[in-house]
Amino acid sequence: MPASQSRSRARDRNNVLNRAEFLSLHQPLKGTPEPKSGGRRATSQAGGGGPAPAPGEGPKEARRQQSQGHQQQQQQQSQQSQSAQLPEEDCMQLNPSFQGIAFSSLLAIDISLSKRLGVCASNASAWGNARSMISLIGLTGHGVPWIGGTLVCLVKSSTLAGQEVLMNLLLALFLDIIVVASLQKLTKRKGPYDVSPGLLDYLTMDIYAFPAGHASRAAMVCKFFLNHLVLAVPLRILLVLWAFLVGLSRVMVGRHHVTDVFSGFVFGYLQFRLVELLWMSSNTCQMLISMW
């Protein structure tokens with residue numbers, strides 16, 4: 001026994017790993033307690049404290065691992081917050097409001113119906129050969145011919161009643177151009193087809209689609225004549241039919257949607273009511289004519 005113990009001691013002394021300079025590699029760092037169990041080590045790593053430093057690693061390496069653990073924890077928290085917000089956004093997209101559904105449905109119907117009615121949008125369309133005639137019907141509701149014709153009639157008129165009616169009609173025509181141009185500038189809605197405006201359209205600033213200027217002018221003039229001119233019943237029917245055909249022609253040539261024309265009719269009626277409220281008397285008209 002003593003001989004075997006002496007031999008084992010001699011082997012330990014001769015072992016290089018048992019020297020003082022190598023013993024520090026097998027000992028933990030000072031101030032770094034070893035985890036008592038593997039379960040606690042896993043808990044500390046999952047909690048974001050970072051993995052425990054391995055034996056032999058310096059304090060800088062331990063701080064680096066700890067900072068990485070904090071960054072991973074922050075990333076996990078941000079991902080959890082984003083995932084918590086996603087269901088609400090999905091619900092908002094999958095369950096839109098009733099007003100949004102109704103508006104989108106009406107807009108889709110309007111575009112589809114306007115494209116179907118645009119049979120004269122180009123020469124290659126179904127009624128391309130009749131495009132010139134349909135455009136001529138729309139031209140009868142343009143502002144330039146109506147303003148020019150009203151001025152010619154005003155110059156040739158010799159009665160006070162006729163001059164009063166014509167001056168108020170001229171006021172209504174200028175009011176229509178201002179209102180339609182302002183609304184079109186605000187909305188900037190384009191027509192169902194890529195149809196460029198003509199020279200006369202640029203003169204009256206009738207460039208965009210909403211509301212339809214020809215339709216508003218036709219409705220306003222029609223109501224104006226029905227109220228201030230004595231016409232037979234057939235002429236009244238023809239006047240209403242003319243206003244309707246002017247609005248329809250603008251849809252057929254692809255310049256306006258159906259809702260644009262309908263809105264034009266509504267605005268034309270409202271303009272007529274405004275002119276009735278602002279009606280200029282005969283004395284005012286005579287004063288304006290003398291100044292002119």
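Is C153 buried or partly exposed? In this predicted model, C153 has a relative accessibility of 43%, so it counts as partly exposed. Another cysteine, C222, counts as buried because its relative accessibility is 7%. If you are wondering about cross-links, a search of the whole structure finds zero disulfides. As a reminder, a disulfide is a covalent bond between the sulfur atoms of two cysteines.

With the cysteines placed, let's step back to the overall fold. The protein chain has 13 helices and zero strands, so if you follow the elements from the N terminus, you meet α after α along the way. Of the 292 residues in the chain, 28% are buried. Sequence-distant contacts are well represented here: among contacts with a separation of 6 or more, 70% are between residues 24 or more positions apart. The chain exposes about 19,200 Å², and carbon and sulfur atoms supply 63% of that area.

Now for the charged pairs. How many salt bridges does a search of the whole structure find? The search finds three. Side chains of opposite charge can pair when their charged atoms come close.

Start with R189, which forms a salt bridge with D110, where the closest N and O atoms are 3.0 Å apart. R189 sits in the loop between α8 (160-187) and α9 (199-203), while D110 belongs to helix α5 (residues 98-117), so this pair ties together parts that are 79 residues apart in sequence. The two partners differ in burial: R189 counts as partly exposed because its relative accessibility is 21%, whereas D110 is buried, with a relative accessible area of 5%. The cut-off helps here, since buried means under 20% relative accessible area.

R189 has a further partner. The side chains of D260 and R189 meet in a salt bridge, at 2.8 Å from N to O. This pair also links distant parts of the chain, with D260 in helix α12 (residues 258-277) and R189 in the loop between α8 and α9, 71 residues apart. Salt bridges that share partners thus join D110, R189 and D260 into one network. D260 has a relative accessibility of 0%, so it counts as buried.

The remaining pair to visit is R217 with D176, whose closest N and O atoms are 3.1 Å apart. It links distant parts of the chain too: R217 is in helix α10 (residues 213-228) and D176 is in helix α8, with their positions 41 residues apart in sequence. Both R217 and D176 are buried.

Let's return to helix α12, where you will also find S263. S263 is buried, with a relative accessible area of 15%. What does the side chain of S263 reach? It reaches the backbone oxygen of T259, at 2.7 Å. Setting aside residues up to four places away in sequence, S263 touches F210 and P211.

Next, look at the loop between α9 and α10, where M205 is found. M205 is partly exposed, with a relative accessible area of 46%. Which residues is M205 in contact with, leaving aside its neighbours within four places in sequence? They are I177, A181 and Q184. For one of these partners, A181, there is also a backbone distance to check in your viewer: the C-alpha atoms of M205 and A181 are separated by 5.6 Å, although the two residues are 24 residues apart along the chain.

Our last stop is on the surface. There, L136, L139, V144, L199, L200 and L203 form a nonpolar patch, with about 540 Å² of accessible area together. Which helix gives the most to the nonpolar patch? That is α9, with three residues. Both α6 (131-139) and α9 supply at least two residues each. V144, another member of the patch, has its place in helix α7 (residues 143-156). V144 counts as partly exposed because its relative accessibility is 33%.

How values were computed:
Residues are numbered from 1 along each chain as its sequence is written. This is a predicted model: local features need pLDDT of at least 70, side-chain atom pairs count only at pLDDT 80 or more; totals for chains, interfaces and linings use all residues. Side-chain values use heavy atoms; hydrogens and water are left out. A salt bridge is a side-chain nitrogen of Lys or Arg within 4 Å of a carboxyl oxygen of Asp or Glu. Helices (H or I, at least four residues) and strands (E, at least two) are DSSP runs, numbered from the N terminus. Buried means under 20% relative accessible area, exposed over 50%, partly exposed in between (1.4 Å probe, protein chains only). A polar contact is a pair of N or O atoms within 3.5 Å; within protein, one must be able to donate a hydrogen and the other to accept it, and residues adjacent in sequence count only if both atoms are side-chain atoms. Contact means heavy atoms within 4.5 Å. A disulfide is a pair of cysteine sulfur atoms within 2.5 Å. Patches are made of residues with over 30% relative accessible area and no salt bridge: like charges are joined within 9 Å, nonpolar side chains (Val, Leu, Ile, Met, Phe, Trp, Tyr) within 5 Å. Accessible areas come from the Shrake-Rupley method with a 1.4 Å probe; for residues, only the protein chains shown count as cover.
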